[in-house]
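Hi everyone, thanks for making time. I'd like to walk you through one structure today, so have a look at the screen.

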Amino acid sequence: MTVSRLPSAALSLKQFLHRQNVLGIYRNILRTIRRVPDEADRKFLRDWAREEFHRNKNVTHEDAIRMMITQASNHLEELQKSLALAHS
């Protein structure tokens, strides 16, 4: 019997890729929020993003994860467009 060197809680490749994607989106959202001119709006958006990602961190259903990644990407894109319009 061979013993795996991986810890029992090791992520599958698919889980790892989803995790990397989610972390990338989260970082991009926080970077984009830094460009918001109003401090109160920045704080609101930062708190909202942190709460949303924290609330969903234990989701394991594949379809739900894909849906949330799509929604987060859409939110990021909308925020970036809004900032671009505000600065033009």
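So, which helix does Asn74 lie in? That would be helix 3, which covers residues 62–86. Before I go on, keep in mind that this is a predicted model. Is Asn74 buried, exposed or partly exposed? Partly exposed, because its relative accessibility is 42%, and the exposed class only begins over 50%. If you want a second reference point, take Asn56: Asn74 and Asn56 are 18 residues apart in sequence, and their C-alpha atoms are 17 Å apart in space.

Okay, on to the record. UniProt has an unreviewed entry here, and it puts the feature "domain: Complex 1 LYR protein" at residues 21–78. In the model, that span is 81% helix and 0% strand, and the C-alpha atoms at its two ends lie 18 Å apart.

Now the surface, starting with charge. Arg19, Arg27, Arg31 and Arg34 together form a positive surface patch. Let me pick out Arg34, which sits in the loop between helix 1 (13–33) and helix 2 (39–55). Arg34 has a relative accessible area of 61%, so it counts as exposed.

There's a greasy bit too. Leu11, Leu13, Phe16 and Leu17 make a nonpolar surface patch of about 420 Å². Where is Leu11 placed? You'll find Leu11 in the segment before helix 1. And Leu11 is partly exposed, because its relative accessible area comes out at 46%.

That's my tour: a positive patch with Arg34 in it, and a nonpolar patch with Leu11 in it. Over to you.

Terms used
Residues are numbered from 1 along each chain as its sequence is written. This is a predicted model: local features need pLDDT of at least 70, side-chain atom pairs count only at pLDDT 80 or more; totals for chains, interfaces and linings use all residues. Side-chain values use heavy atoms; hydrogens and water are left out. Patches are made of residues with over 30% relative accessible area and no salt bridge: like charges are joined within 9 Å, nonpolar side chains (Val, Leu, Ile, Met, Phe, Trp, Tyr) within 5 Å. Accessible areas come from the Shrake-Rupley method with a 1.4 Å probe; for residues, only the protein chains shown count as cover. A salt bridge is a side-chain nitrogen of Lys or Arg within 4 Å of a carboxyl oxygen of Asp or Glu. Lys and Arg count as positive and Asp and Glu as negative; His and the chain ends are not counted. The place of a charge is taken as NZ of Lys, CZ of Arg, CG of Asp or CD of Glu. Helices (H or I, at least four residues) and strands (E, at least two) are DSSP runs, numbered from the N terminus. Buried means under 20% relative accessible area, exposed over 50%, partly exposed in between (1.4 Å probe, protein chains only). UniProt positions are given in the numbering used here, feature names are shortened, and annotations may be inferred rather than shown by experiment.
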